[in-house]
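Hi,

Here is the structure I promised to pass on. Have a look at it first, and my notes follow underneath.

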Amino acid sequence: MTAASGVWSAPGRVNLIGEHTDYNDGFVLPFAIPMRTTVAARPADGPQWTVRSRETGETIVIGESDLAPGAVTGWAAYVAGIPWALRDAGHRPPFLDLSIASDVPLGAGLSSSAALTCAVLAALVDLGGLDLPRDEWPALAQRAENTYVGAPTGIMDQSASTLCRPGHAMFLDCRSGDREHVPFALAEHDLAMLVVDSRAPHSHADGEYAARRASCESAAATLGVAALRDLAEADLPAACAKLDEVTARRVRHVVTENGRVLATVEKLRGGSVTGIGPLLTASHASMRDDYEITVPEVDTAVETALAAGAYGARMTGGGFGGCVLALVDADAVERVADTVTAAFAERAFNQPTWFKAVAAGGAARDE
Ligand code: ADP
Ligand code: MG
């Protein structure tokens with residue numbers, strides 16, 4: 001085995017605020033985390049991509065005939081989807097041997113999937129000398145996930161994994177694609193973001209996600225708007241009167257959540273980081289009561305973190321488990337994490353894991 005021609009990596013992400021707003025043409029505010037997926041790549045001997053994942057312990061060979069959605073399934077579909085999407089867009093991706101390793105936990109809501117697709121994309125674009133501006137990477141990686149893998153994600157994860165900057169969160173308008181890098185250097189404010197992985201079993205998440213999307217689409221149709229993004233908070237009373245009680249609450253979550261993203265961006269632009277705390281907590285209440293996507297584990301983590309002194313806390317990610325983030329004083333991270341861990345033990349939940357999330361940079365060549 002010859003040495004790798006190079007090593008590329010792309011990060012996972014945390015969404016600071018803006019949940020289930022992406023597919024409603026709304027606003028999100030993710031930041032990249034220091035955990036990354038690394039791809040060591042070298043030219044292949046033949047017309048194929050040989051992919052090894054340290055995490056699965058498997059090696060899969062992807063041939064040219066596999067470049068059709070459905071041909072490769074399982075984890076290797078996230079890899080095969082990239083040369084497929086590149087070819088579909090008229091590029092000639094190079095044949096490579098790829099060795100993958102990740103410290104983004106898989107399936108924890110930190111977007112290990114986008115970290116994988118974007119790291120593979122970075123390697124193929126760079127080694128192949130492909131003419132694909134970085135601005136176009138998110139849509140291409142999203143297409144790999146949506147169409148090749150069959151996972152209905154919005155564009156947030158891939159945008160964060162490719163375009164985020166260290167010390168900044170990325171304010172993304174999912175309708176226009178406009179984005180702004182908003183200062184989010186917590187250490188300068190003696191603050192830290194604690195991320196707790198609840199490790200709650202993710203039951204029914206796919207079906208519930210599809211159901212939420214469907215109710216948003218049907219509400220938009222009933223209300224005569226292109227997407228729920230087109231509603232303002234002032235429109236809510238009239239809009240909700242035309243909807244059944246459950247759908248009205250779903251709409252209220254999306255509309256108020258968009259407002260909370262805008263308010264969070266305003267606070268951060270103005271340098272008031274602790275000022276975002278109440279917005280984070282209000283987002284959680286909205287996900288719990290109106291969108292109904294939380295579970296006892298994440299509610300417990302949020303309540304416990306707040307009781308232990310967090311400025312704000314919320315579940316992050318699609319819901320039904322996953323991670324909670326809590327904005328805390330820099331010197332309180334361990335104490336708050338220990339308090340949450342103890343609360344989980346008391347309730348006989350799975351033991352959570354935690355880390356301190358610093359806003360990191362997007363996909364890059366490492367070696
Ligand atoms: P998340 O993106 O929140 O981690 P997803 O369900 O979207 O959760 O993506 C997780 C899937 O991505 C895994 O089940 C696996 O198929 C694939 N994956 C991610 N990272 C790796 C890796 N390092 N090796 C193999 N497969 C991976
Ligand atoms: Mg994912």
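A word on terms before the notes: helices here are DSSP runs of H or I with at least four residues, strands are E runs of at least two, and both are numbered from the N terminus. Keep in mind that this is a predicted model.

Let's start at the C-terminal end. An unreviewed UniProt entry annotates residues 266-345 as "domain: GHMP kinase C-terminal". That span is 52% helix and 15% strand, and its end C-alpha atoms lie 38 Å apart.

There is a helix pair to look at here, α9 (residues 296-307) and α10 (residues 333-346), with axes that come within 9 Å and cross at roughly 135°. Angles over 145 would count as roughly antiparallel and 65 to 115 as roughly perpendicular, so α9 and α10 end up oblique to each other. The crossing is right-handed. On the α9 side the contact uses Thr300, Ala301, Thr304 and Ala305, and α10 answers with Val336, Thr339, Val340, Ala343 and Phe344. Sorted by class, that contact has six nonpolar and three polar residues, with no charged ones.

Now the other annotated stretch. The same kind of record, again an unreviewed UniProt entry, gives "domain: GHMP kinase N-terminal" for residues 82-163. Here the chain is 55% helix and 9% strand, with 17 Å between the end C-alpha atoms.

The pair to check in this part is α2 (112-128) with α4 (residues 156-163), which pack at about 55° with their axes 9 Å apart. That makes α2 oblique to α4, and the crossing is right-handed. From α2 the contact takes Ser113, Ala114, Ala115, Thr117 and Cys118, while α4 supplies Asp157, Gln158, Ser161 and Thr162. By class this contact has three nonpolar, five polar and one charged residues.

Finally, the ligand. How many residues surround ligand 1? There are 18, and the closest are Ser53, Trp75, Ser102, Ser112 and Ser113. Two elements give two or more residues to this shell, β6 (96-102) and α2. Of the elements, α2 gives the most, with three residues. So if you open just one helix, try α2: Ser113 is among the closest residues to ligand 1 and is also part of the contact with α4. The shell as a whole has eight nonpolar, nine polar and one charged residues.

Over to you, and shout if anything is unclear.

Cheers

Key
Residues are numbered from 1 along each chain as its sequence is written. Chains are lettered from A and ligands numbered from 1 in the order in which they are written. This is a predicted model: local features need pLDDT of at least 70, side-chain atom pairs count only at pLDDT 80 or more; totals for chains, interfaces and linings use all residues. A residue is near a molecule or strand if its C-beta atom, placed from the backbone, lies within 6 Å of it. Ala, Val, Leu, Ile, Met, Phe, Trp, Tyr, Cys and Pro count as nonpolar, Asp, Glu, Lys and Arg as charged, and the others, Gly among them, as polar. UniProt positions are given in the numbering used here, feature names are shortened, and annotations may be inferred rather than shown by experiment. Axes are lines fitted to C-alpha atoms, for helices over the stretch in contact, and angles run from 0 to 180 degrees between N-to-C directions. Angles under 35 degrees count as roughly parallel, over 145 as roughly antiparallel, 65 to 115 as roughly perpendicular and the rest as oblique. A crossing is left-handed if the near helix is turned anticlockwise from the far one by less than a right angle, and right-handed if clockwise. Two residues are in contact if their C-beta atoms, placed from the backbone, lie within 7 Å.
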